[in-house]
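Reader: I should like to go through this model and ask, for each label attached to it, on what grounds the label was given. Please set the values against the criteria wherever that is possible.

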Amino acid sequence: MLILPILVILLMSGETLYLKVKETKSIKKTSSYVDLSLKSTKLLNTLQQEKEYSLIFLKSYGKKYNKELSSLREEANNHKNELLSYLDNFDTKSYSQEFLSSTKKVVEDLKKIDEIRKKVDSIAISDDELLNYYQGLNSHLLFYINDVLVYNNDGKLSKKLQAYSSLVNITEAASKERRIIYQILENGVLFSDDYSQFNKLISIQNTYLDIFEKMLSVEEYKGFSEKFKACSECNEVENYRKIIENKALKDEIIKKVYELSGFGGLVENYSNYLLKGDDSITNKMQRFHSSILRELNRYRRVEGISTEEKKLIKKIKNTFDEYMGTTLDIQEGYSQGKSIKEIYSAISIENSEAIEALAKLNNTIFDSDYNRWFVVATKRIDYFKKYGEKISEDIKSYIKEKDSSLVNGFIMTLVFVIVVILIVFIVSSLITKKIVKQLNIFKEGLEYSFQYVIREKESLKPIVVTGKDEFSQMNIHMNNQMEKVKEIIEQDRRVVSEISDVVEKVSNGFLQYSINEKGATQEVESLRLIINKMIRYTKQKVDNINLVLDNYALGKYRFRLSEEQRVGMYGDFGSLSAGSILLGQSISQLIAMITNAGKELEENTEILSSSSQSLSLRANEQAASLEETAASIEEITSNMQSSGEDVSKMLQIADELNSSAIKGNDEATKTAKSMDEINEKVTAISEAITVIDQIAFQTNILSLNAAVEAATAGESGKGFAVVAQEVRNLASRSAEAAKRIKSLVEDATLKSAHGKDITTNMISGYTQLSNKITETKEIIDNVSSAIREQEKGMIQINETITTLDEMTQKNAETSTNIDKLSKEVAKLSTRLLGITEKANIADKYYYMVDDVDLIQSISKYKNDHINFKKKHFSTLNSREAITVISSDLCDLGKWMGTLEEQKSELVATTEWKTLKEKHLLIHNKIQLFVDLNSNRANNDELKKVAKEIEEITTEVFNNLNDIAVINTKLVRKEHLSLNK
């Protein structure tokens with residue numbers, strides 16, 4: 001007993017001294033690395049400025065920031081030499097391979113800086129090459145700053161270093177933001193890549209500001225915040241950010257206006273209406289016009305819109321209003337029987353102002369000064385740098401104090417250990433003998449008591465008390481406590497017995513029971529309360545799931561649990577809840593399919609019924625007509641027999657007249673032939689002129705369409721619009737010339753016809769007589785032959801009509817049967833729709849079930865992710881660290897990758913991007929949950945992540961439904977275009 005405490009003290013003191021030495025070495029190592037980080041920061045800050053000034057210097061071809069750039073280079077060279085000198089004497093043996101690699105890269109890049117600067121001075125380097133160099137160098141310098149936390153284990157110092165690192169990262173992101181916004185404002189155009197990078201940089205700054213706030217004390221951050229708010233330039237930065245955000249919104253609106261007015265929009269429909277005069281087109285035009293006005297009103301409501309923008313919007317609105325106003329003129333022209341050429345000539349729409357206004361709104365950022373932006377952004381960056389310098393001084397001071405404190409603490413600890421060892425040795429020798437005796441008594445009583453506690457003894461035997469010293473008092477106290485233990489053990493036995501009974505009832509499916517007997521110990525009582533709580537919460541979850549299923553049973557498939565009811569629906573219950581939601585969605589999809597099919601069946605049966613009724617009516621009418629036709633044919637046959645005799649007499653008379661008229665006809669024919677040739681030439685000229693007139697008219701219409709398309713094309717279509725106008729003028733002049741020539745030809749035709757009439761009158765007696773006799777003879781011959789043939793044919797027709805009459809009667813009977821069958825099918829479709837109407841589902845399901853294969857695939861992917869979660873949760877009890885499958889390797893990820901490779905239209909939608917983000921997030925969250933579980937995180941952390949998993953799973957399900965809706969719209973749009 002004497003040696004043991006001394007050894008323990010020696011070991012503990014040795015460990016303490018070792019930790020002190022280790023902590024001293026650690027703080028020195030941290031101090032060395034902090035110095036490296038601070039020197040890197042100074043160089044990084046200077047290089048940030050040099051990069052931005054160099055870019056502006058290049059764009060201005062050496063006219064801007066020449067002096068400032070020279071001064072920055074000199075400052076950067078000083079910091080560069082200081083850093084390289086420090087790295088030469090820096091001990092790199094105890095640092096990571098990544099540190100060594102980054103250091104090597106920094107040294108290599110710094111050696112290239114003079115070469116880069118020469119290229120800048122001679123304007124012989126591109127912006128991309130310059131940015132790549134500086135950003136690569138800065139990223140390696142940032143590594144020193146961000147990696148400093150790895151080599152420190154002091155909590156207070158870590159916070160200061162984290163705050164300092166956050167400020168450095170903020171200045172780096174702010175420097176990039178300054179360049180991006182300067183470029184946007186200078187060009188006056190906001191590209192999607194620039195806007196995406198702009199948002200990313202703001203997000204980075206906000207993230208590091210949050211970290212910075214958490215690392216400072218309340219008073220420190222309050223002082224920083226008050227000074228930051230007092231910085232007018234810092235506040236002005238937010239105004240410029242708002243301008244960029246508003247510009248993104250305005251560009252979206254202008255793009256929508258272009259879509260609504262261009263190809264397939266208002267202008268094209270206006271052109272179609274002008275050409276066709278179809279009133280149904282005006283409804284489309286009205287919808288496009290209303291949509292355009294709605295977008296223009298959205299633009300007006302954008303915060304901070306300028307007066308010039310309002311004037312431009314008004315010009316655009318007036319032009320589109322003019323398009324709608326002229327539709328009445330077109331409608332009136334068609335009602336008056338005017339031609340397209342006449343209607344078009346009465347319309348005059350000048351759309352050049354609207355085109356210019358749209359182009360200016362699209363390519364201009366109003367109320368912005370990029371030079372002022374550069375000044376205020378630089379002021380804000382300088383503010384962060386100055387505060388970073390303050391924190392760096394605090395870090396140096398803290399490290400110095402910490403180092404001194406550790407040395408003094410080591411000396412005091414060593415002295416204290418020596419004194420304690422001496423005291424322990426003396427005191428232990430005096431009390432050891434007395435303690436041993438009392439401990440033997442206490443040992444025997446304690447062993448007997450433990451035997452009772454573990455149920456080896458049935459009764460409790462008190463410890464024998466032989467004195468009044470502390471050990472005797474301890475024995476008395478031990479006897480009293482063991483009596484209490486006896487009562488506690490008996491009470492806990494009763495609780496455990498009731499727990500066993502209730503757990504067996506719960507395992508049989510009865511969740512109404514609870515444990516009423518209270519535990520004597522806190523552990524048993526806590527166990528009782530936890531088990532009661534588990535049973536109660538489990539029953540609530542089962543009741544909530546039953547509530548969902550009850551509503552489904554009543555056809556209420558829109559029903560969803562409230563936020564309060566979903567609390568605790570995680571893990572296996574979350575899978576069960578997600579499964580019930582999936583069940584409701586699958587049933588809703590099935591009902592939507594049945595409803596859509598029922599509606600199509602109802603429409604088709606209405607068409608079938610109408611057609612069958614019409615067929616039956618026509619068949620009956622046809623049968624009646626055939627009966628009348630048969631009677632008429634019999635009468636015609638008898639008349640034809642008597643007509644044959646009369647025709648024979650007429651043939652004899654025609655032969656006698658024909659010989660007399662042949663002589664006079666020969667002379668008259670020669671004169672008429674000459675006049676006919678003249679008339680044919682004039683007629684050919686008239687037809688050619690008509691063709692020219694039609695070509696001029698078609699050219700005029702085509703030039704109108706070309707002008708409309710040129711207006712839609714905007715600035716790039718101005719040249720084409722001029723050509724279209726010249727073509728119109730040429731077509732108009734061609735039409736007028738053709739009209740004049742046609743008038744002259746018509747006069748010539750009249751004169752020719754008049755001459756022919758005179759000639760014809762001279763020989764009319766001969767020609768008419770000869771022609772009529774010849775024609776009469778031929779007609780009589782034909783009639784005679786025809787009558788004989790008709791007589792035979794009429795007999796055959798009579799027989800055929802009789803047969804046709806019988807078939808028509810049968811067709812009428814068949815059409816009646818079809819009509820009855822169509823009515824039965826209509827009743828069936830009505831019953832089917834009546835069944836589905838009782839189900840209450842969301843409207844969107846009717847617009848997402850056209851593609852059955854896609855719906856089945858989506859349902860499979862939903863169920864796969866429920867099973868995917870259950871599979872990984874099944875390993876939680878082992879607390880094994882496993883790797884969750886990547887989001888692009890599961891079935892849903894492979895399907896999404898396939899569609900992206902196929903460049904499906906779905907991939908370009910916002911819903912697809914959201915689905916991809918949420919799908920990746922659910923895999924990451926499950927990985928996080930598994931990692932937290934393997935690291936034995938507390939239940940609050942696990943509960944938070946489990947809740948996020950269930951919420952994201954529901955969002956993924958909804959995103960997949962949105963994809964199905966979009967797919968249905970695309971399919972229906974494709975069918976509509978094919979039908980057209």
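Reader: Which residues of helix 12 are called buried?

Author: In this predicted model, the buried residues of helix 12 are Glu-309, Leu-312, Ile-313, Ile-316, Thr-319, Phe-320, Tyr-323, Met-324, Thr-326, Thr-327, Ile-330 and Gly-333. The label requires a relative accessible area under 20%. The cover over these residues includes helix 9 (232–261), helix 10 (266–276), helix 11, helix 13 (340–345) and helix 14 (352–362).

Reader: How do you know that the end-to-end span of helix 12 agrees with its number of residues?

Author: Helix 12 covers residues 307–335, which is 29 residues, and at 1.5 Å a residue it should span 42 Å. Its end C-alpha atoms are 43 Å apart, so the two values agree. Just after helix 12, Gly-337 takes a positive phi of about 80°.

Reader: What makes the span of helix 2 agree with expectation?

Author: The 23 residues of helix 2 (residues 66–88) should span 33 Å at 1.5 Å a residue, and the end C-alpha atoms are 33 Å apart, so the expectation is met. The buried residues in helix 2 include Leu-69, Leu-72, Arg-73, Ala-76, His-79, Lys-80, Leu-83 and Leu-87.

Reader: Why is Gln-205 called buried?

Author: Gln-205 has a relative accessibility of 1%, and the label applies under 20%; Gln-205 therefore counts as buried. Gln-205 lies in helix 7 (residues 192–215). Leaving aside residues up to four places away in sequence, Gln-205 touches Ile-170, Ala-173, Ala-174, Glu-177, Arg-241 and Arg-380.

Reader: Why is the pair Asp-891 and Lys-860 called a salt bridge?

Author: The criterion is a side-chain nitrogen of Lys or Arg within 4 Å of a carboxyl oxygen of Asp or Glu. For Asp-891 and Lys-860 the N to O distance is 2.9 Å, so the pair meets the criterion. Asp-891 lies in helix 21 (residues 891–901) and Lys-860 in helix 20 (residues 852–873), so this salt bridge ties together parts that are 31 residues apart in sequence.

Reader: Are Asp-891 and Lys-860 buried, partly exposed or exposed, and why?

Author: Partly exposed lies between under 20% for buried and over 50% for exposed. Asp-891 has 37% relative accessibility, so Asp-891 counts as partly exposed. Lys-860 has 40%, so Lys-860 also counts as partly exposed.

Reader: What makes Glu-950 and Lys-869 a salt bridge?

Author: The closest N and O atoms of Glu-950 and Lys-869 are 2.7 Å apart, and the limit is 4 Å; the pair therefore qualifies as a salt bridge. The pair links distant parts of the chain, with Glu-950 in helix 23 (residues 939–979) and Lys-869 in helix 20, 81 residues apart. Glu-950 has 9% relative accessibility and so counts as buried. Lys-869 is buried as well, because its relative accessible area is 3%.

Reader: How do you know that Glu-948 and Lys-925 fall into opposite or matching classes, buried or partly exposed?

Author: Glu-948 has a relative accessible area of 21% and is therefore partly exposed. Lys-925 has 18% relative accessibility and so counts as buried. The dividing value is 20%. The side chains of Glu-948 and Lys-925 meet in a salt bridge (2.8 Å, N to O). Glu-948 lies in helix 23 and Lys-925 in helix 22 (residues 910–934), so the pair ties together parts that are 23 residues apart in sequence.

Reader: How many salt bridges does the structure hold?

Author: The structure holds 21 salt bridges. Glu-50, Asp-114 and Arg-117 are linked in a network of them.

Reader: Why is Val-427 called partly exposed?

Author: Val-427 has 42% relative accessibility and therefore counts as partly exposed. Val-427 lies in helix 15 (residues 370–453). Together with Ile-411, Val-415, Val-419, Ile-423 and Ile-426, Val-427 makes a nonpolar surface patch of about 530 Å².

Reader: Which elements have the lowest and the highest mean pLDDT?

Author: Helix 18 (residues 571–713) has the lowest mean pLDDT, 64, and helix 11 (residues 280–300) the highest, 89. The chain averages 75, and 68% of the residues score at least 70. Where pLDDT is low, the predicted coordinates should not be read in detail.

Terms used
Residues numbered from 1 in each chain as written. Heavy atoms only, no water. Helix = DSSP H or I, 4+ residues; strand = E, 2+ residues; numbered from the N terminus. Expected span 1.5 Å × (residues − 1). Buried < 20%, exposed > 50% of the residue type's maximum accessible area, 1.4 Å probe, protein only. pLDDT = per-residue confidence, 0-100. Patch = residues over 30% accessible without salt bridge, like charges linked within 9 Å, V, L, I, M, F, W, Y side chains within 5 Å. Areas by Shrake-Rupley, 256 points an atom, 1.4 Å probe, with all protein chains shown as cover. Contact = heavy atoms within 4.5 Å.
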